[in-house]
Amino acid sequence: MPLHRPLPKKAAAMTKSKIIKVDYLARVEGEGALYIRYDDGGVQDVQLKIFEPPRFFEAFLRGRDYLEAPDITARICGICPVAYQMSALHAMEDALGLVPTLELRALRRLIYCGEWIESHVLHIAMLHAPDFLGYPSAVAMAKDHPQIVQRGLQLKKAGNAIVRLLGGREIHPINVRVGGFYRVPRAGELRPLVDELQRARDMAVENARWAASLPFPKFERSTQNPYEFVALSHPDEYPMNEGRIASTRGLNISVADYDQHFTERHVEYTNALHSVLNQRGAYMVGPMARFNLNFDRLSPLVQQVAGEIGFPPFCANPFQSIVVRSLEVLYAFDEALRILENYRRPEEPYLQCQPREAAGYAATEAPRGLLYHRYSLDRDGKITDAKIVPPTSQNQKTIEEDLHSMIPQYLHLPEEKLRWQCEQAIRNYDPCISCSTHFLKLHLERGDRRLP
Amino acid sequence: MGNATPVPKLAVWKFASCDGCQLSLLDCEDELLQLADKIDIAYFMEASSRQLEGPYDLSLVEGSITTAEDEERIREVRAQSHTLITIGACATAGGIQALRNFSDVKDFTSIVYAHPEYIATLKTSTPISAHVPVDFELQGCPINKRQLLEVISAFLHRRPPQVPPHSVCIECKLKGNVCVMVAHGTPCMGPVTHAGCGALCPSYNRGCYACYGPKENPNTASLSHWWKEEMEVQPVTIVENLRNFNAAAPAFAEESRRHDKE
């Protein structure tokens, strides 16, 4: 028996069509596979399959205490636990009428900066860069390009240092809670971070220049079928924890109205639900959406570096998402340093509250995009209902549509190259399949003839 | 290479999990490239699209068994592995997803999915040791990356890993922490919880919530008696603390059932 998971064999019935199958996608977080059927008439079917076994978080949250939600939902994803903690606690605070102080708010933004860095750099340097430079992994790439991999590791380490200091540890931090933190740092504890982050910010500038120099496949959607980018938007700052949900096609809603505009659909071939915008369909969340909707709220340094590397304020080629991620990494260092310079220790580590029967909503910007949580509580503060919509399930349909429109121009390529191209296109989205539900071993099929 | 000593082959496997424990390996920023010189990363899907065939000298297994397919796959992984080490609460105790073991999974499926008939899953989430022999279990949700390096290093040097099985209380004493339970009246799972995190929660003025699972021979009955009688903790809170990331670990599961009825 193969160690890789088998996929249902749907190819046998076809005669003239070709099948691209990737049984297990590599360099993504979680377990996923790809199935593409095409023939001379074009691409007939694209399915991104998520076979990550279901873990039923929304079900077992029922009956749990509201204070547990940040710690439990963090376990949805080891790569972006802070995002789950942030969405969970903001939704609980919405339900309980808590408004965190400016000082607490700044500390939350600081820990989120740490996670953006750690998660983005993992993807840029270790998962995605090997696609552009033609290596199976960052470890293999390090033999020829040690400076790129070393720089990535140092940047990631600096991001982890932020999360570890504020959260106790990099993965599943223990210090954030509904209302604030269990313990807030003294200014002296934060000071040693400053030097490390300043050095890292300089490296992040180099990293953005390097990313912009990569060879990008030309890929843009047609003007009839442009992307609809969806992200939080906040009048004064680049979005992380707060804002309205906005889109490039005029959507502008409060987070509490999310369920009226977005629907999750259960499709047969995947364990992740597909999310669509009502009446419109697929949309894109993540770094490109944030960047395109909020460029003018990036810090002057980031806007300046974007100008120097010739990167426009609107990016519609997902293969260039690696540049956007690199600019967001730079932003996160810049923002973290700004927060540290202005740090005032909160008077109380957290705001006290009494549980009550209520519903609460929140969306925050996880590294991979909008992360929506909704909870209902009973009068004892026990959860009666929970809904969580992770970014990857929102991007799933857009990934499929990208492959649909991209593949025809690459059909002349040899199989190996075509598969590589498909995998790279999926990795553009840094799909976190553990969140919604890993990657690729690909087969091409024509008729009933199965190629290796 | 010629007649040089062969480099051992490492494989990293994933079952139902959050990816956090395997990420711990990539979080070893200062050691990762050095490690890659000592051990051939032959199969690690999250990090590499290069996959070497087995057998493997060392397999690290993350995640719990929740599907019939995975029941088969873990047996094959065992057959291909000289040494098999589980990493994390999911692989060692069934993980948070083992909360289904206390309910009816059909109810769970219908809460999350519109078409429960599309979903194939087992009624329980079980640790790897329920299916195949395991050589060493590294506890923690998530594991401690220092301990992970110690376990790999011990394997490379053919010695037993130094992973103390004592409680979080000992780590607090070593750190000089003030006891949050005695001094602040904060319910803390430290006395029954396996060390390894470095007593993080008490160091942040918080009670331990047992993410490292049970220590060796934990006296859970005594601790819950203390919580209830001396600290007026409600049974529901006792159950919540026993039943989270290591809910199916026998010492925690049995004690939680005792309080569930109350």
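Hi everyone, this is a short tour of a model with chains A and B, going from one helix to a core and then to the contacts. Please keep in mind that the model is predicted.

Let's start in chain A with helix H4, which covers residues 102-133. How far apart should the ends of its 32 residues be? At 1.5 Å a residue the expected span is 46 Å, and the end C-alpha atoms are 44 Å apart, so the two values agree. The helix does have a bend, though: at A:Leu127 H4(A) turns by about 35 degrees, and within four residues of that point there follows a proline, A:Pro130. Just after the helix you'll find A:Gly134, with a positive phi near 80 degrees.

Is H4(A) mostly covered or mostly open? Mostly covered: 26 of its 32 residues are buried.

That brings me to the nonpolar core. The largest one has 213 residues, and the members that touch the most others are A:Leu34, A:Ile36, A:Leu330 and A:Phe333. H4(A) is the biggest giver to this core, with 15 residues. Chain B takes part as well: domain 1 (9-156) and domain 2 (168-260) of chain B both give residues to the core, so it lies between them.

If you'd like one residue to click on, try A:Leu330. Leaving aside residues up to four places away in sequence, A:Leu330 touches A:Arg201, A:Ala204, A:Val205 and A:Ala208, along with A:Val302 and A:Val305.

Now let's look at those two domains of chain B. Their centres, taken over C-alpha atoms, are separated by 25 Å. Where they meet, 16 residues of domain 1 of chain B are in contact with 13 residues of domain 2 of chain B. On the domain 1 side, the largest share is 3 residues, from helix H4 (residues 89-93) of chain B. By class, that side has 7 nonpolar and 9 polar residues, and no charged ones.

Finally, how do the two chains meet? The contact uses 54 residues from chain A and 53 from chain B. Several helices of chain B give two or more residues to its side, among them H1 (20-26), H2 (32-38) and H5 (105-112). Which element gives the largest share of that side? H3(B) does, with 6 residues. The chain B side divides into 28 nonpolar, 11 polar and 14 charged residues.

That's the tour, and thanks for listening!

Terms used
Residues numbered from 1 in each chain as written. Chains lettered and ligands numbered in written order. Predicted model: local features only at pLDDT ≥ 70, side-chain atom pairs only at ≥ 80, totals over all residues. Expected span 1.5 Å × (residues − 1). Bend = angle between axes of the 7 residues up to and from the residue. Buried ≥ 20, exposed ≤ 12 C-beta atoms within 10 Å, placed from the backbone. Domains from an automatic or database assignment. Contact = placed C-beta atoms within 7 Å. Nonpolar A, V, L, I, M, F, W, Y, C, P; charged D, E, K, R; others polar. Core = buried A, V, L, I, M, F, W, Y, C linked by C-beta atoms within 7 Å.
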